[in-house]
Amino acid sequence: MISTPALVAPSAGAAFEARTVEHRDLRDDDVLIDVAFAGICHSDIHQVREEWGSAIFPMVPGHEIAGVVSAVGDGVTKYKVGDRVGVGCMVDSCGECEFCKDGEEQFCSKGAVMTYNGKGYDGEPTKGGYAQQVVVSERFAVGIPDGIELDVAAPLLCAGITVWSPLKRWGAGPGKRVAVIGLGGLGHMAVKLAVALGAEVSVLSRSDAKKEDGLALGATAYHATGDEGVLKSLKGSFDLIINTVSADLPMQTYIGLLRPLGVIANVGLPTNNYDFAPGAVVGGSRVVAGSNIGGIPATAEMLAFCAEHGIGATIEKISADEVDAAYDRVVAGDVRYRFVIDTATISA
């Protein structure tokens with residue numbers, strides 16, 4: 001077994017503890033990664049606090065992982081020691097079903113193995129990136145181009161691919177008017193990527209608190225949706241809306257912001273069901289869609305695009321002893337725009 005220092009949540013909602021955890025010995029297709037940085041995703045908080053149902057404890061969260069390969073299994077051909085790599089939300093899939101063969105491993109018919117709070121096909125619980133090392137199959141490590149520093153690359157492995165997928169699927173680019181709802185960890189990446197893709201980008205946020213940031217990220221317009229009359233004034237304005245928030249939005253109103261043939265793609269998970277009349281979508285041939293991360297090829301494409309365009313996440317780097325406080329700050333919306341843990345500060 002391979003032992004490594006890690007941050008462990010011992011039970012639901014409990015403070016993190018620095019412990020030594022064990023990973024399996026390298027299989028033929030495995031790589032051992034020395035983790036440099038791990039991003040804090042809001043879904044980490046949901047799972048550590050058991051807000052999405054029963055979870056597996058003790059838990060090592062983290063699916064925004066960036067580091068360097070330090071050892072490889074005998075059969076590994078994709079990477080060598082010293083390569084810079086990232087790991088996102090998945091660490092295994094069957095590799096044989098139609099979705100895996102199409103590079104959409106997140107839809108694996110057998111069920112993709114999640115990076116943490118999951119179980120591998122061997123029945124062993126998975127452990128994530130709040131640690132100094134992780135072991136994964138080479139198929140689920142993605143090369144990080146030299147053009148991106150590892151700290152700002154880490155959040156791209158979840159936040160980046162989560163918004164890249166709907167932007168690409170629904171054709172964000174020159175001549176398209178894109179709106180991003182919410183300017184948080186996901187939203188700020190959606191703005192950066194949509195701008196780089198050539199779209200005309202607007203930010204829709206509750207207040208003007210982040211207006212300066214939104215415009216600095218490249219948006220050409222920023223609208224405070226809490227102000228009276230703003231949503232009404234935007235009716236029929238956008239080809240594509242990326243909804244990054246998990247708030248219970250008045251979906252019918254937001255559908256009305258779309259041009260004919262427009263799409264609102266939702267990546268957040270609100271508490272309640274969306275409510276809208278069929279005529280809201282039928283009349284303008286509009287689409288209400290969902291989007292769920294992306295496969296390994298799409299993740300590699302996104303990272304290459306980010307390197308080419310000089311894009312990384314906007315981060316606040318923290319040490320291991322600041323993680324509990326960071327969780328509370330994320331819930332309060334007090335982060336610009338992703339916390340990233342320097343895993344060298346973990347001492348078990």
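In which helix is Tyr327 found? Tyr327 is found in helix α11; helices here are DSSP runs of H or I with at least four residues, strands are E runs of at least two, and both are numbered from the N terminus. The model is predicted, so local features need pLDDT of at least 70 and side-chain atom pairs count only at pLDDT 80 or more, while totals for chains, interfaces and linings use all residues. Residues are numbered from 1 along each chain as its sequence is written, and side-chain values use heavy atoms, with hydrogens and water left out.

**Tyr327**

Tyr327 is buried, at a relative accessible area of 2%. Buried stands for under 20% relative accessible area, exposed for over 50%, and partly exposed for values in between, with a 1.4 Å probe and protein chains only. Apart from its neighbours within four places in sequence, Tyr327 is in contact with Phe16, Ile40, Asp44, Ile45, Val48, Arg49, Pro61 and Tyr130; contact means heavy atoms within 4.5 Å. From Tyr327 to Thr314 the C-alpha distance is 17 Å, at a sequence separation of 13 residues.

**Annotated span and helix α4**

An unreviewed UniProt entry places "domain: Enoyl reductase (ER)" at residues 13-341. UniProt positions follow the numbering used here, feature names are shortened, and annotations may be inferred rather than shown by experiment. Residues 13-341 are 25% helix and 25% strand, and the end C-alpha atoms of this span are 19 Å apart.

Helix α4 covers residues 159-169, and nine of its eleven residues are buried. The buried residues of α4 are Ala159, Gly160, Ile161, Thr162, Val163, Trp164, Ser165, Pro166 and Leu167. Their cover includes strands β10 (177-181), β13 (238-243), β14 (258-266) and β17 (338-342), together with helices α5 (185-196) and α10 (296-309). After α4 comes Gly171, with a positive phi near 75°.

**Cavity and pocket**

Both kinds of space are found on a 1 Å grid over the protein atoms alone: a cavity is a set of points where a 1.4 Å probe fits but cannot get out, a pocket is an open set with protein on both sides within 12 Å along at least five of seven lines, and lining residues have an atom within 4 Å of a point. Grid points are joined across faces, edges and corners, and a volume is the space filled by probe spheres set on the points.

By this rule there is one cavity of 30 Å³ or more. The largest cavity has a volume of about 80 Å³. Ile161 of the α4 list is one of its lining residues, and the others are Gly88, Cys89, Met90, Phe140, Val142, Leu157, Ile293, Gly294, Gly295, Ile296 and Thr299. This lining divides into eight nonpolar, four polar and no charged residues. In these classes Ala, Val, Leu, Ile, Met, Phe, Trp, Tyr, Cys and Pro are nonpolar, Asp, Glu, Lys and Arg are charged, and the others, Gly among them, are polar.

The second largest pocket holds about 670 Å³ of space. Its lining has 35 residues, with Arg24, Glu124, Pro125, Thr126 and Lys127 nearest the centre. By class, the lining of this pocket has 16 nonpolar, eight polar and eleven charged residues. Strands β2 (17-23), β6 (90-92) and β8 (133-137) each supply at least two lining residues, and β2 gives the most, with five.

**Backbone geometry**

Most residues other than glycine have a negative phi, and most peptide bonds are trans. The table lists four exceptions.

| Site | Backbone value | Loop |
|---|---|---|
| Phe57 to Pro58 | cis, omega near -5° | Pro58 between α1 (42-48) and β4 (65-72) |
| Arg336 to Tyr337 | cis, omega near -10° | Tyr337 between α11 (323-331) and β17 |
| Ser285 | phi near 50° | between α9 (278-282) and β15 (287-290) |
| Ile293 | phi near 35° | between β15 and α10 |

Ser285 is partly exposed at 44% relative accessible area, whereas Ile293 is buried at 12%. Ile293 is also among the residues that line the largest cavity.

**Cysteines**

The structure holds zero disulfides, a disulfide being a pair of cysteine sulfur atoms within 2.5 Å. For Cys94, which is in no disulfide, the nearest cysteine sulfur is that of Cys108, 3.6 Å away. Cys94 is partly exposed, with 22% relative accessibility. Cys97 is likewise in no disulfide, and its nearest cysteine sulfur, that of Cys100, is 3.6 Å away. Cys97 is buried, at a relative accessible area of 11%.
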